[in-house]
Amino acid sequence: MVFSSILFLFIYLPIVLAVYYLVPSRWRNLWLFIVNLVFYGWGEPVYILLMVFSIWLNYVSGLLIGKYVPVEKKKARIVLAVNTVANLAMLFFFKYFDLVAETLSLIPGVRVPKLGLSLPIGISFYTFQTMSYPIDVYRGDSYVQKNFIKFGTFVALFPQLIAGPIVRYKDIARQLDKRHESLDQFADGVRRFVVGLGKKVLIANNVGLLWDVYANAGAGELTFVGSWLAAVAFSLQIYFDFSGYSDMAIGLGKMLGFEFLENFNYPYISRTVTEFWRRWHISLSTWFRDYVYIPLGGSRKGLPRQLLNLLIVWSLTGLWHGASWTFLFWGLYYAFFLILEKLFLLKWLDRHKAVGHVYTLLVAVSGWVIFQQTSVSQTLVFFRAMYGLGQAGFCTGRDLYYMAGYGPLLLAACFASLPAGRALFARLPEKLRSAAVPALIALVLVISTAYLVDSTYNPFLYFRF
Amino acid sequence: MKKTCQIIAIAVFLLFIGGFFVLNIVTPDREFSPQENKYLQMLPDFSFKALFSGKFTKDFEDYTTEQFAFRDAWITMKARCELLSGKKENNGSYYCGDTILPDFDDPGQAEIDRRADFVDALAEAVDAPVYFGLIPGATEINASLLPKNAPADSQQTVLDWAYGRVRSTAGNIDLASALGAHKDEYIFYRTDHHWTSLGAYYGYTALCESMGLTPSPLSAYDRQTVSEDFCGTTWSSSGFTWVKPDTIETFVPDDGSVTVMNLEKQPPVAGPLYDTSFLDVKDKYSMFLGGNSALRSIDTGHDGPTLLIVRDSYTDSLVPFLLEHFSRIDLVDLRYYRDSLARYIEDNGFDSVLVLYSVSNFTTDQNLFLLAM
């Protein structure tokens with residue numbers, strides 16, 4: 001199930017909220033546990049078993065590690081190792097097996113059959129969430145959760161189950177035991193959710209159509225203007241899609257009394273690539289920093305080792321985004337710029353701030369082309385057109401048509417990806433702001449609903465029988 | 001003050017999602033949507049088999065969206081929002097003032113060659129002369145109405161390429177010139193992809209020229225307006241539901257001397273030239289011959305040779321003009337006809353064969369290969 005659907009907005013959510021606030025607070029975790037599984041199992045009911053197994057595995061590991069850490073650290077370490085391997089094995093099996101099979105089959109004489117399993121939704125997110133819990137218990141960063149339902153509620157918590165933020169157990173441990181839902185928090189949650197819904201349905205879905213227009217254009221068709229329109233459109237799509245989802249997750253969390261950490265912080269205003277990754281998908285970068293980069297020694301073991309660590313972390317970050325070698329390449333592409341910056345570029349960029357903005361945007365926008373194109377040859381078609389080596393010239397009437405049609409939306413989206421809008425809003429008189437919020441909420445809800453209802457609008461024109 | 005606004009914000013949100021939750025339960029489900037011309041998803045039956053195959057959840061999601069309260073109004077609102085945001089199209093149709101024009105995609109020369117070769121194969125397989133006609137749509141003929149720089153591909157290019165490719169036909173009908181010469185007249189519906197009866201008349205004159213017939217002059221017909229509220233296919237698909245409806249005319253009266261046998265059904269069913277019952281429903285264009293059918297045989301009540309037409313729906317409004325020139329006209333629709341076409345032509349000894357498609361159907365229909373079977 002996805003948030004931006006009629007099913008979620010007008011059936012699932014009203015029922016979840018109504019029952020949640022009607023039952024006494026001691027039943028609320030159990031209710032969440034149940035509806036989480038419904039949410040998760042909606043697309044692939046069989047995978048509920050996988051989810052329950054994953055919860056059980058990490059729950060038991062947490063208990064054992066908690067028991068052994070003070071007395072027999074060695075045993076605790078073994079449990080942790082087994083648990084980590086088991087989690088990663090599940091992730092590997094469902095997400096990466098086919099990629100490895102396909103790659104091995106390229107070797108003459110080797111044939112590994114593909115499994116063709118559908119990817120359990122959110123597995124990349126919840127594996128990281130669950131894995132971090134036994135590690136935190138082992139490190140003494142977190143208490144042990146003895147209640148299975150509470151732990152299960154955390155793992156499968158529907159707001160952040162399928163697209164983050166990656167919530168660590170220790171960050172919401174206390175909220176699982178005791179939450180103080182309040183009017184303030186609920187109103188905040190509503191506002192945040194509706195902002196996210198608008199970002200996803202009104203901006204991301206629509207600018208995405210512009211990318212689709214150009215994505216498969218041949219070398220002879222793709223102009224300079226067309227390639228940039230498409231690349232900018234996708235850069236906006238992925239930002240608004242992803243941050244919109246995070247906003248909806250954070251908003252839903254608030255409606256249920258949870259506070260999640262922020263996941264995006266206006267990434268496109270960054271002056272350096274290093275800064276970009278501190279503002280983009282923050283919970284993922286933090287996760288890799290705390291569970292991979294720092295345990296590997298981070299920057300404490302000399303420069304060569306630090307560079308190696310960066311390469312490892314960014315290879316993994318790349319592959320985490322998808323089971324394809326283009327994602328590995330995309331990760332290494334970022335490693336390249338991050339290493340350059342570590343070595344000397346950061347200092348230089350400190351003195352040339354305007355250049356920094358342009359450079360970071362170019363790296364990010366070009367990076368999204370690598371990210372989204374499934375073939376290297378098509379990526380090259382784009383880069384040739386974007387950087388002036390294309391065969392199709394500068395601009396065609398078709399490009400102008402799309403520029404005119406999507407221009408207002410693209411401009412609005414660019415503006416919305418800057419903090420300026422929020423700052424301007426904050427300057428309005430208090431009274432106006434208070435009145436504007438409910439009106440804007442209603443407006444976004446109504447228009448988003450129109451787009452969602454339209455999404456299955458596919459009139460059957462050749463009627464028969 | 002702050003608190004009041006928070007309460008209002010929460011109330012707006014909860015009333016909206018809760019309100020539609022209730023509304024969707026109390027408003028009755030519609031089995032059929034006239035605006036979309038399709039059956040809507042009804043509440044699916046639950047079974048564990050359907051649940052585990054994923055069919056139940058998928059159908060249920062379609063159900064929630066397709067039965068959403070005031071669905072048609074939401075669709076129109078979305079279309080208006082698209083125009084407000086600066087776009088000139090919605091769901092594949094261009095907004096051109098009081099006219100809606102569907103988009104057109106050129107499938108490329110290789111694909112056109114492949115399709116044209118099926119026509120050739122038929123022409124080689126049968127003894128009767130085979131005529132070939134491609135009807136350009138309003139998007140081509142009225143291209144000047146399109147929004148500036150609209151990326152609709154040229155249908156003339158497709159047409160020229162296909163006509164250049166076929167070698168074995170007795171004649172390729174120049175419908176584009178005939179229609180182009182009258183492009184300022186009401187030859188295409190503004191809310192539908194079909195030609196009007198007037199457009200079909202000009203098509204008929206082009207056909208006569210190719211086949212060596214003498215067309216009746218326009219003044220010879222008794223024009224009757226049969227509907228003034230026809231909202232067609234592009235009206236439906238675009239969501240531009242505020243565009244004013246079309247008028248449907250007939251030129252040739254149905255005096256009862258014509259018998260249309262629908263051979264798809266067993267036993268065959270006789271029908272009228274104009275099935276006026278369709279004028280009471282959304283799909284009014286289907287009043288011509290009563291809509292699509294795999295095979296129909298028309299006894300015209302006139303003397304003359306026989307003709308077989310491999311048709312799409314454009315043919316239905318053309319047929320009334322052809323009646324006076326033939327004694328029998330059969331209409332085969334390859335989307336539904338599953339026997340050998342060549343054998344049917346030979347068995348019935350047709351004097352001539354006409355393959356007549358709109359450019360749009362010619363480039364997209366998946367059943368053209370049946371011409372060659």
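## Two domains and the distance between them

In this predicted model, the C-alpha centres of domain 1 of chain A and domain 2 of chain A lie 26 Å apart. The bounds, which come from an automatic or database domain assignment, are 6–179 for domain 1 and 185–452 for domain 2 of chain A.

Residues are numbered from 1 along each chain as its sequence is written, and chains are lettered from A in the order in which they are written. Because the model is predicted, local features need pLDDT of at least 70 and side-chain atom pairs count only at pLDDT 80 or more, while totals for chains, interfaces and linings use all residues.

## Where the domains touch

Taking two residues to be in contact if their C-beta atoms, placed from the backbone, lie within 7 Å, 22 residues of domain 1 of chain A meet 21 residues of domain 2 of chain A. On the domain 1 side, the elements that give two or more residues are α1 (6–22), α4 (73–104), α5 (123–139), α7 (158–161) and α8 (169–177) of chain A, where helices are DSSP runs (H or I) of at least four residues, numbered from the N terminus.

## A pair of packed helices

Helix α3 (residues 47–68) and helix α6 (residues 148–155) of chain A pack at an angle of about 120°, with their axes 10 Å apart; axes are lines fitted to C-alpha atoms over the stretch in contact, and angles run from 0 to 180 degrees between N-to-C directions.

From α3(A), the contact is made by A:S54, A:I55 and A:Y59, and from α6(A) by A:F148, A:F151, A:G152 and A:V155.
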